[in-house]
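This report describes the main structural features of one protein chain for a reader who has the sequence and the model at hand. The topics are salt bridges, the sheet and its packing, and selected individual residues.

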Amino acid sequence: MARLVKALPGPARTNGFVNTTPGIFAAINLSGGKGTTLAGRALDKRGGGGDTNFGVILTKDKPVIIDNDIRVRKEFTSGLKKITRKSPGLMLHTHHNFDHTSDNAYFHKQGTISFGTDIVRREMEREFNAGIWVSQMAGRLLKVEHFDGKIGIETPRVTFDDEITIRYGGRTFQMISIGHCHTKSDTVIWMPEEKVLFAGDAFTYRTQPVVRIGNILNWIDTLDRLKKFPARQIIPGHGPIPPRGNKCLDEFKIYLTRLRDRTARALKKTGTPVKAAKLVRMDEYRNWFRAPLVYVNALKMAKELKGKI
């Protein structure tokens, strides 16, 4: 009989707008886990979690928002109105995925100016032209099927390649491309005066990452780069707000490193990615949000190690 591995601490069940630093809010898990829970399954009775997070930063001018999702427009806008009656002036994108950019049109109509890397623009166009922009999000409790064929894409109005500094409303935002991690172009948003880092999906806190189009080996190395930011607070792309400081990145790096090492051992034993992924166990992380992703993450890792991506 296999010995049960002790589980690491699970995430807090946080929902709503959290004031992390004066005037800087993180919108956490607005659908209560419906965006990550597969259709046909019940939400965790303790309260689901792991949905996409967003940012709202108040300035002397209009607010700045970070990312958006058409599926939680009602929850986001109602929460925003409790903070400010002003419409957003700027919208900053951490990457191209549907759950971070799908409501661009709504905010563009309000005069919001959006920013993102040129690869974000190209990846949005690629997925839309391939017919998977909406359909790849299907099958969750948070429905998306009724949008298929009815919504288009609106790419960032302002694009850049590596880095851009934006000074707006008395605040400074540094958008820094960190390359291919969760997606082909992940961007972190650093606020140097406040020492707040919006990491997007390059960092998920006590939540299994999605690695479908990622590069895990590069991701592991990139976390060392993020650790160099003297952050007082890091806002993850998914999961609750971690403790202050940047030590939370170590926990996530350990997860990815263990995934790599255990997959490598399984691959050496079996020889094929599919067989190897079935052997990989990450039982100590069973209390993290999105625990069922272990197999698909191990499969992706095995393909990377075999040089098949």
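## Salt bridges

Asp 69 and Arg 71 are both buried. Their side chains meet in a salt bridge, with an N to O separation of 2.7 Å. The model discussed here is a predicted one, and its count of salt bridges comes to 17. Three of these pairs are set out below.

| Pair | N to O distance |
|---|---|
| Asp 69 and Arg 71 | 2.7 Å |
| Asp 250 and Lys 227 | 3.0 Å |
| Lys 300 and Glu 304 | 3.1 Å |

The side chains of Asp 250 and Lys 227 form a salt bridge at 3.0 Å. Asp 250 belongs to helix α6 (residues 248–270) and Lys 227 to helix α5 (residues 216–227), so this pair ties together parts that are 23 residues apart in sequence. Asp 250 is partly exposed, at 34% relative accessibility, and Lys 227 is likewise partly exposed, at 29%.

The pair Lys 300 and Glu 304 lies within a single helix, α8, where the two residues are four positions apart, about one turn of the helix. Lys 300 counts as buried because its relative accessibility is 11%, under the 20% cut-off. Glu 304 is buried as well, with a relative accessible area of 8%. In addition, Asp 118, Arg 121, Arg 122 and Glu 125 are joined into one network by salt bridges that share partners.

## The sheet and its packing

The model contains an open sheet of seven strands in the order β1-β2-β3-β4-β5-β6-β7, with mixed pairing. The edges are formed by β1 (16–21) and β7 (158–160); each has a single partner strand, so one side of each is left without a neighbour in the sheet. On average, neighbouring strands of the sheet are turned by 20° against each other, direction ignored.

Strand β3 illustrates the antiparallel part of this arrangement. Four bridges pair β2 with β3 in the antiparallel sense, and Ala 27 stands opposite Phe 54 in β3. Strand β3 is also antiparallel to β4, with three bridges between them; here Ile 57 stands opposite Val 64 in β4. A hairpin of six connecting residues leads from β3 to β4. Both faces of β3 are covered: Phe 54 and Val 56 are buried on one side, and Gly 55 and Ile 57 are buried on the other.

Parallel pairing is found between β6 (residues 113–117) and β7, which are joined by three bridges. Phe 115 has Val 158 in β7 as its bridge partner. Helix α4 (residues 118–129) packs on the sheet and touches β6 and β7, with its direction at about 95° to that of β6. Helix α1 lies across β1, β2, β3 and β4 and runs at about 45° to β1.

## Individual residues

Which residues outside glycine have a positive phi value? Asn 29 is one of them, with phi near 50°, and Asp 67 is another, with phi near 70°. Asn 29 is located in the loop between β2 (24–28) and β3 (54–57), while Asp 67 is located in the loop between β4 (64–66) and α1 (73–83). Asn 29 is buried, at a relative accessible area of 2%, and Asp 67 is buried, also at 2%.

Trp 288 is placed in the loop between α7 (273–279) and α8. Trp 288 counts as buried because its relative accessibility is 3%, under the 20% cut-off. Beyond its neighbours within four places in sequence, Trp 288 contacts Pro 9, Pro 11, Arg 206, Thr 207, Gln 208, Glu 251 and Tyr 255. The C-alpha atom of Trp 288 is separated by 9.3 Å from that of Gly 49, although the two residues are 239 residues apart along the chain.

A nonpolar patch on the surface is formed by Val 274, Tyr 295 and Val 296, which together have about 230 Å² of accessible area. Within this patch, Val 296 belongs to helix α8 (residues 294–305) and is partly exposed, with a relative accessible area of 41%.

Key:
Residues numbered from 1 in each chain as written. Predicted model: local features only at pLDDT ≥ 70, side-chain atom pairs only at ≥ 80, totals over all residues. Heavy atoms only, no water. Patch = residues over 30% accessible without salt bridge, like charges linked within 9 Å, V, L, I, M, F, W, Y side chains within 5 Å. Areas by Shrake-Rupley, 256 points an atom, 1.4 Å probe, with all protein chains shown as cover. Salt bridge = Lys/Arg side-chain N within 4 Å of Asp/Glu carboxyl O. Buried < 20%, exposed > 50% of the residue type's maximum accessible area, 1.4 Å probe, protein only. Pairing = 2+ DSSP bridges. Axes fitted to C-alpha atoms, helices over the stretch in contact; angles between N-to-C directions. Contact = heavy atoms within 4.5 Å.
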